[in-house]
Amino acid sequence: QVQLLESGGGLVQAGGSLRLSCAASGRTFSSYVMGWFRQAPGKEREFVAAVALSGINTRYADSVKGRFTISRDDAKNTVDLQMNSLKPEDTDVYCCGAADRSLTGWVRRRRVSEYDYWGQGTQVTVSS
């Protein structure tokens, strides 16, 4: 069992930055592929970014590539999402997810259904 808790959301003007953090407790954090997803009211949860066990290999949604950076710190059991050049369309609830280390391939790692544990989410609002 893994418990996830996000923090760092808030209100920011377009062009600004926020850093989200997801703290994990429970089983060995380093054994999990970690991802960030976002969801608007009435819409499906969508992939934002993911980081593999190594911490080196990452992937991003096209809509955030070049603006967002995902990183993990296995010593602190955290995965962060640095968000720069924010746009109003980035407004959503952001959630982190954890998937067992057996989840291989970046096509699968982009799928909500492949993740085993989720946090409650943190609201990000970008004003124009």
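Which residue in β10 is the bridge partner of G97? Keep that in mind as you open the model, which is a predicted one. Select G97 together with W118: W118 is the partner you are looking for. We will come back to W118 later, but let's begin with the strands.

**Stop 1: strand β8**

Select residues 78-83, which make up strand β8. Six of its six residues are buried, so colour them as covered, because buried here means under 20% relative accessible area. In a regular strand, side chains alternate between the two faces of the sheet. Try this on β8: T78, D80 and Q82 point to one side, while V79, L81 and M83 point to the other. Both of these faces are covered.

Now add the neighbours. Strand β3 (residues 18-26) runs antiparallel to β8 and is joined to it by six bridges. Strand β7 (residues 68-73) is also antiparallel to β8, again with six bridges. Select Q82 to see both pairings: R19 stands opposite Q82, and so does T69.

Follow the chain from β7 into β8 and you will trace a hairpin with four residues between the strands. Pause at N77 in the turn, where phi is positive, about 60°.

**Stop 2: the core around L81**

Stay in β8 and select L81. Which residues does L81 touch, leaving aside those up to four places away in sequence? They are L18, R19, L20, W36, V48, A49, F68, T69, I70 and Y94. L81 also belongs to the largest nonpolar core, which has 38 residues. Within this core, L4, M34, W36, L81, M83 and Y94 touch the most other members. At least two core residues come from each of β1 (2-7), β3, β4, β5 (46-51), β7, β8, β9 and β11.

**Stop 3: strand β9**

Next, select β9, residues 92-100. This strand is largely enclosed by the rest of the structure, because seven of its nine residues are buried. Show its partners one at a time:

- Strand β4 (residues 32-39) runs antiparallel to β9, with eight bridges joining them; G35 is paired with G97 here.
- Strand β11 (residues 122-127) is antiparallel to β9 too, over three bridges; look for D92 and its partner V124.
- Strand β10 (residues 117-118) pairs with β9 in the antiparallel sense over two bridges, and this is where G97 meets W118.

**Stop 4: salt bridges**

Side chains of opposite charge can pair when their charged atoms come close. How many salt bridges does a search of the whole structure find? The search finds nine.

Start with D90 and R67, whose closest N and O atoms are 2.8 Å apart. D90 lies in the loop between β8 and β9, and R67 in the loop between β6 (58-60) and β7, so the pair ties together parts that are 23 residues apart in sequence. Are these two residues buried or exposed? D90 is buried, with a relative accessible area of 1%, and R67 counts as buried at 11%.

Move on to D74 and R72, another salt bridge, with the closest N and O atoms 2.9 Å apart. D74 is partly exposed at 31% relative accessible area, whereas R72 is buried at 14%. Then select R38, E46, R67, D90 and D92 together: salt bridges that share partners join them into one network.

For a contrast, look at D62 and K65, which meet in a salt bridge at 3.2 Å, N to O. D62 is exposed, with a relative accessible area of 66%.

**Stop 5: aromatic rings**

A pair of aromatic rings is described by the distance of the centres and the angle of the planes. The structure has five aromatic pairs. Select Y32 and Y117: their rings are edge-to-face, 6.0 Å centre to centre, with 75° between the planes. Y32 is in strand β4 and Y117 in strand β10, 85 residues apart, so this pair links distant parts of the chain. Y32 is buried at 4% relative accessible area, and Y117 counts as buried at 17%.

Y115 and W118 form a tilted pair, 5.7 Å centre to centre, with 45° between the planes. Y115 is buried at 5%, while W118 counts as partly exposed at 24%. Add F37 and F47 to see the cluster that ring pairs make with Y115 and W118.

Finish with two charges over rings. R45 lies over the face of W118, 4.4 Å from the ring centre, and R109 lies over the face of W106, at 4.6 Å.

Terms used:
Residues are numbered from 1 along each chain as its sequence is written. This is a predicted model: local features need pLDDT of at least 70, side-chain atom pairs count only at pLDDT 80 or more; totals for chains, interfaces and linings use all residues. Side-chain values use heavy atoms; hydrogens and water are left out. Buried means under 20% relative accessible area, exposed over 50%, partly exposed in between (1.4 Å probe, protein chains only). Two strands pair if DSSP finds at least two bridges between them. A salt bridge is a side-chain nitrogen of Lys or Arg within 4 Å of a carboxyl oxygen of Asp or Glu. A nonpolar core is a set of buried Ala, Val, Leu, Ile, Met, Phe, Trp, Tyr and Cys residues joined through side-chain atoms within 4.5 Å. Contact means heavy atoms within 4.5 Å. Rings of Phe, Tyr and Trp (its six-membered ring) pair if their centres lie within 6.5 Å; planes under 30 degrees apart count as stacked, over 60 as edge-to-face and the rest as tilted. A charge sits over a ring if NZ of Lys or CZ of Arg is within 6 Å of the ring centre and within 35 degrees of the ring normal.
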